[in-house]
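Here is a briefing for a reader who is meeting this structure for the first time. Please look over the sequence and the model before going on to the points below.

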Amino acid sequence: MKIKYVDVTDPDLCALIRAGRSAAGKKYMPQHAPDSMACAVVAYIAGKPVGCGCWRAYDPVSAEIEQMYVCPACRRQGAADGMLPALEQHAAASGCHRAVLAAGADMPEAIALFQKHGYRLMPNYGDFAGDNLCVCMEKEISDGTMR
């Protein structure tokens with residue numbers, strides 16, 4: 001597997017974001033436009049794009065992880081395990097101290113993956129409140145001092 005940092009206009013990224021949005025339908029909170037993202041990554045397996053993720057500044061110290069999607073056929077091949085740390089490292093290098101995200105409440109495998117990477121459930125972040133469709137999660141990504 002290869003993780004590649006890409007521009008938000010990258011055709012592989014755009015195709016994966018469309019696939020992710022199509023798969024989710026209107027069940028979840030709408031994602032921000034890719035052009036508002038600070039960083040984007042695409043995961044490749046055998047040269048084929050199989051997953052993507054982005055982050056954007058949520059507030060002065062927080063990175064919001066968005067657009068996380070892995071093709072269903074490749075979900076057990078470690079793409080998300082490579083993309084998530086790459087996004088966190090880029091956000092931390094950019095001055096963020098924590099990462100926040102919303103995951104589908106009906107996606108226990110995704111929630112377990114985020115928890116495996118150190119994310120913890122929380123009732124909300126900022127103006128986004130967890131509900132029966134989404135759960136909020138956060139993780140410190142700096143030196144452990146959340147500011």
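**Salt bridges, sheet and helices**

Lys139 and Glu88 form a salt bridge in which the closest N and O atoms are 2.9 Å apart. Because Lys139 lies in strand 9 and Glu88 in helix 2, the pair ties together parts that are 51 residues apart in sequence. The model is a predicted one, and the points below set this pair beside the sheet, the helices and the other charged pairs.

**Charged pairs**

- A search of the whole structure finds eight salt bridges, and the one between Lys139 and Glu88 joins two buried residues, since Lys139 has a relative accessible area of 17% and Glu88 one of 8%, where buried means under 20%.
- Glu64 and Arg56 also form a salt bridge, with their closest N and O atoms 2.8 Å apart; Glu64 counts as buried at 2% relative accessibility, and Arg56 is buried with a relative accessible area of 14%.
- The side chains of Glu109 and Arg76 meet in a salt bridge at 2.8 Å from N to O, and because Glu109 lies in helix 3 while Arg76 lies in the loop between strand 4 and helix 2, this pair ties together parts that are 33 residues apart in sequence.
- Both Glu109 and Arg76 are exposed.
- Asp59, Arg98, Arg120 and Glu138 are linked in a network of salt bridges.

**The sheet**

- Seven strands make up an open sheet with mixed pairing, in the order 1-2-3-4-5-9-6, and its edge strands are strand 1 (2-6) and strand 6, each of which pairs on one side only.
- From one strand to the next, the twist averages 30°.
- Strand 6 pairs with strand 9 in the antiparallel sense over three bridges, and Arg120 stands opposite Glu138 in strand 9.
- Ser62, which has its place in strand 4 (residues 62-70), counts as buried at 0% relative accessibility; leaving aside residues up to four places away in sequence, Ser62 touches Arg56, Ala57, Cys96 and Arg98.

**The helices**

- Helix 2 lies across strands 1, 2, 3, 4 and 9, and runs at about 160° to strand 4.
- In helix 3 (residues 108-116), Ile111, Leu113 and Phe114 are buried, and because they cover an arc of only 160° around the axis, they are on the same side of helix 3.
- On the other side of helix 3, Pro108, Glu109 and Lys116 are exposed, whereas the buried residues pack against helix 2, strand 5, strand 6 and strand 9.
- Just after helix 3, Gly118 takes a positive phi of about 95°.

Notes. Residues numbered from 1 in each chain as written. Predicted model: local features only at pLDDT ≥ 70, side-chain atom pairs only at ≥ 80, totals over all residues. Heavy atoms only, no water. Buried < 20%, exposed > 50% of the residue type's maximum accessible area, 1.4 Å probe, protein only. Helix = DSSP H or I, 4+ residues; strand = E, 2+ residues; numbered from the N terminus. Arc of directions from axis to C-beta. Contact = heavy atoms within 4.5 Å. Pairing = 2+ DSSP bridges. Axes fitted to C-alpha atoms, helices over the stretch in contact; angles between N-to-C directions. Salt bridge = Lys/Arg side-chain N within 4 Å of Asp/Glu carboxyl O.
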